[in-house]
Structure formats: structure tokens, C-alpha cells
Amino acid sequence: MRPQDFGPGALPSVPLFFLLTLNKTPLAKALWVELSDNMDKPLCVAFDCDGVLADSISSWRTIHNHFGTDSKDLLQRFMQGELTDSEFMAADIALWKEVSPKIHRDDLFRAYSGCKLMKGAKEVVRDLKEAGVHVAIVSAGVDLYVQSIAAMVKADDWIANGFNFDEEGWLMDEGVVRVPSMEKYTSINKLLNILDIPPERLVCVGDSSMDLSMHVEGSTFIGFNPQRDAAKEAFAKAGIPVVNSKDLNDIRPYLGI
Ligand SMILES: [Mg+2]
């Protein structure tokens, strides 16, 4: 991750603030309104990937579909706290290897060939960046996939979970946990530290109940396109705004663009 190049979203300088406070001319008042408006706009927007920037339920499920395997039981055990992220990932990999004992990196890339961006994803990210907003992807999904989504939308930063391969590109038995799926705040707090911005200037966008773990105190969270009942219930309970749509353009009013 690299620090944001602060653009038009940055705070006005203190002397300008002072002058505007003293100056009562119509122009100064108009400028003041614009600057105060600007102050509430986010400096960083962190998107979940699967189901938000990418029009797919889960980048893990995509690989299961590819191999004809199913992780429903594992997911249930994970949700009940019986498995850790890394145990869940190793169990997923073991299921695939039962079908195909040697799996090459290229096989996994191929599994994602039919995946698409969410409608509006490119345009929303482009307009955020033009407004000086740092755009990050914080995903508990698969790095191979999240990296390609990040490249397509031209996000500034991304972080995701993933795989280990040997030197010839064969999949190893253990995954790599970078974003614990129920503790996504660990990545969010790192991002806030690196960018040196307060949580009040951060907006997170997610589609699942686990994404609510991005919602650090003081920040804004927008629920987008929740599919599972658990997500709908969790969003309602959290009292956050929810955009029920398959078009990311519909979150623009919350982002100031
Ligand atoms: Mg998601």
C-alpha cells in the first residue's frame, strides 16, 4: 500500500480557513460552503471485492464450481467459529486436491475467466480517483482474482487472501491469510495509519455480514446489494444505509461524487 497523493479532497490550509471565517463577502461565503462541503467528503473508500466491485458471490466458490466441489459444510463450521481462516483455506484446498491432486496456478486463473465487474465499478472508481479519493480493495477473497479486479478498475491499493505455489507454480496445501474475514478492521486500521486520515473520512462498502468488520468507529459503512439473509439481517441490525441494487452508480450520493 502506498500513501495517498492528496488531491482536491484535502483539507484547506489554516490561513485560508482563517481568512474565509473573517471574510463576509458573497464570494467568500460561497467558497466557504464549498469547502465545508468538501470536508465531509471521504478521503478514502475501501471496497469489498466479491459481490461489490466484482459481480460474483465468492471468489472461493468460483474455484469450487471449477472443480465440482462444495464448501457449504466448511462455511457453516467456519461461521460457527469451529474453523480458523487458515484451517478453512487448507480444507478448501484439500477438497480441490481430492479431485485434482496437482493444481497449477494457470488452472486457477482459468477458473476466473468468466468473471465480470459489477456494473458501474470502473466509472465510480475513476470518478473517486479524479476527486482525489484513495480507492482500496479489502477482500478476504482470492488474491489472484482480486489483483485482476484491482487492475481492471485501477484501484490504488488492494489486499486479499491467497495461495502459496511452489517454484513451478503448483498449488501448496496451505493458504495465506492476510485479511481475516471476520476481522477486516485489521486491514482497515492499517490503511488509515498509512494514509494518515481519521476514520471519519473513510467510507467502506460491503455486501456481507462479515464486511461489517470493516466498520471501524467513526467511519461510514454502506451495505451494497446484500444477497444472503444473514447479511440483510446484520445490515438492518447495524442501522447502516443499504443500497439494494446491482449498479454501483447508486452509491454515488454517499460518496460525494
Ligand atoms: Mg463480498
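## Strand 5 and its surroundings

Let's start with one pairing: Phe47 has Val205 as its bridge partner in strand 5. This is a predicted model, and strand 5 is a handy place from which to look around it. The protein chain holds eleven helices and seven strands, and of its 257 residues, 37% count as buried.

**Strand 5 itself**

- Strand 5 spans residues 202–206 and is mostly covered, with five of its five residues buried.
- Leu202, Cys204 and Gly206 point one way from the strand, while Val203 and Val205 point the other way.
- Whichever way they point, all of these residues are buried.

**Neighbours of strand 5**

- On strand 1 (residues 44–47), the pairing with strand 5 is parallel and runs over four bridges.
- Cys44 stands opposite Leu202 of strand 5, and Phe47 is matched with Val205.
- Strand 6 (residues 220–224) also pairs with strand 5 in the parallel sense, over four bridges.
- Val205 turns up here too, with Ile222 as its bridge partner in strand 6.

**The sheet as a whole**

- Seven strands make up an open sheet, and following their order takes you through 4-3-2-1-5-6-7.
- Pairing across this sheet is mixed.
- Strand 4 (171–176) and strand 7 (242–243) are the edge strands, each pairing on one side only.

**The nonpolar core**

- The largest nonpolar core contains 56 residues.
- Cys44, Ala46, Leu53 and Ile137 have the most contacts inside this core.
- Strand 2 (residues 134–142) supplies the largest share of the core, namely six residues.
- The core lies between domain 1 (43–56 + 117–255) and domain 2 (62–111), because both domains give residues to it.
- Cys44 links two topics of this briefing: the residue stands opposite Leu202 in strand 5, and it is among the residues with the most contacts inside the core.

**Contacts along the chain**

- If you are interested in sequence separation, take the contacts in the protein chain with a separation of 6 or more: residues 24 or more positions apart account for 60% of them.

Methods. Residues numbered from 1 in each chain as written. Predicted model: local features only at pLDDT ≥ 70, side-chain atom pairs only at ≥ 80, totals over all residues. Buried ≥ 20, exposed ≤ 12 C-beta atoms within 10 Å, placed from the backbone. Pairing = 2+ DSSP bridges. Core = buried A, V, L, I, M, F, W, Y, C linked by C-beta atoms within 7 Å. Domains from an automatic or database assignment. Contact = placed C-beta atoms within 7 Å.
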